[in-house]
Amino acid sequence: MVCFVLSVSFLEHLHLQVRMNVKRKSVEIRTCKETIDTAALQKGADFVRAFSLGFEIADAMALIRLDDLFMETFETKDVRTLHGDNLSRAIGRIVGKDGRTRHAIENASRTRIVVADCKIHILGGFGNIRIARDAVCSLILGASPGKVYTKLRTIASRAKERF
């Protein structure tokens, strides 16, 4: 099912050819006669990367449709070196109970966040990624989720006033 959705999205939106090379364990993408957009190959690579990092297909498809979406990846050790239980607590603060903290950050900053082990992947607009990254970094550094929620509320209210 997933392979079908991937190939349909490449054919309909980007007019690219895609195949899975089982021996090399890689996805191969190439242009064809119908390819019009010069950036189609890069968009296709970004789509495959987003999907392989754990983003939903709809979010990865947004990379194809919109030009101002970006992905950023960083590790917890880039912010602060943590080991053992301290690392587990930091990741727990990012995700929150039943994913509430992560969803709050996503909704306030209009981004999508995937936490995979020690790596955090953020998908969104450039300014929105900065807001989400700052919130996640605060949580890694030990800030309480309540303090981060308050900061996000003020940022979200400022964004509503602007638009």
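Reader: Which side chains meet in a salt bridge with an N to O distance of 3.9 Å?
Author: In this predicted model, the side chains of R130 and D134 form that salt bridge, with 3.9 Å from N to O. Both residues lie in helix α7, four residues apart, which is about one turn of the helix.

Reader: And are R130 and D134 buried or exposed?
Author: Neither label fits, since R130 is partly exposed with a relative accessible area of 45%, and D134 also counts as partly exposed, at 34% relative accessibility.

Reader: Which residues of α7 are buried, then?
Author: The buried residues in α7 are I129, I131, A132, A135, V136, C137, L139 and I140.

Reader: What does helix α7 pack on?
Author: Some background on the sheet helps here. Three strands make up an open sheet in the order β3-β5-β4, with antiparallel pairing. Because β3 (70–75) and β4 (112–116) stand at the edges with a single partner strand each, one side of each has no neighbour in the sheet. The twist from one strand to the next averages 15 degrees. Helix α7, residues 126–140, packs on this sheet and touches β3, β4 and β5, while its direction makes about 15 degrees with that of β3.

Reader: How many bridges join β4 to β5?
Author: Five bridges join β4 to β5 (residues 119–124), and the two strands run antiparallel. Within β5, I122 is the bridge partner of I113.

Reader: Back to α7: what should its 15 residues span?
Author: At 1.5 Å a residue the expected span is 21 Å, and the end C-alpha atoms of α7 are 21 Å apart, so the two values agree. After the helix comes G142, whose phi is positive, near 110 degrees.

Reader: Switching back to salt bridges, how many does the count come to?
Author: The count comes to 10 salt bridges. One of them is between the side chains of D59 and R112, at 3.6 Å from N to O. This pair links distant parts of the chain, with D59 in helix α3 (residues 57–65) and R112 in strand β4, 53 residues apart.

Reader: Is D59 buried or exposed?
Author: D59 counts as buried because its relative accessibility is 16%, below the 20% cut-off, whereas R112, at 35%, counts as partly exposed.

Reader: Which residues share a network with D59 and R112?
Author: Salt bridges with shared partners join R102 and E106 to D59 and R112 in one network.

Methods
Residues numbered from 1 in each chain as written. Predicted model: local features only at pLDDT ≥ 70, side-chain atom pairs only at ≥ 80, totals over all residues. Heavy atoms only, no water. Pairing = 2+ DSSP bridges. Axes fitted to C-alpha atoms, helices over the stretch in contact; angles between N-to-C directions. Contact = heavy atoms within 4.5 Å. Expected span 1.5 Å × (residues − 1). Buried < 20%, exposed > 50% of the residue type's maximum accessible area, 1.4 Å probe, protein only. Salt bridge = Lys/Arg side-chain N within 4 Å of Asp/Glu carboxyl O.
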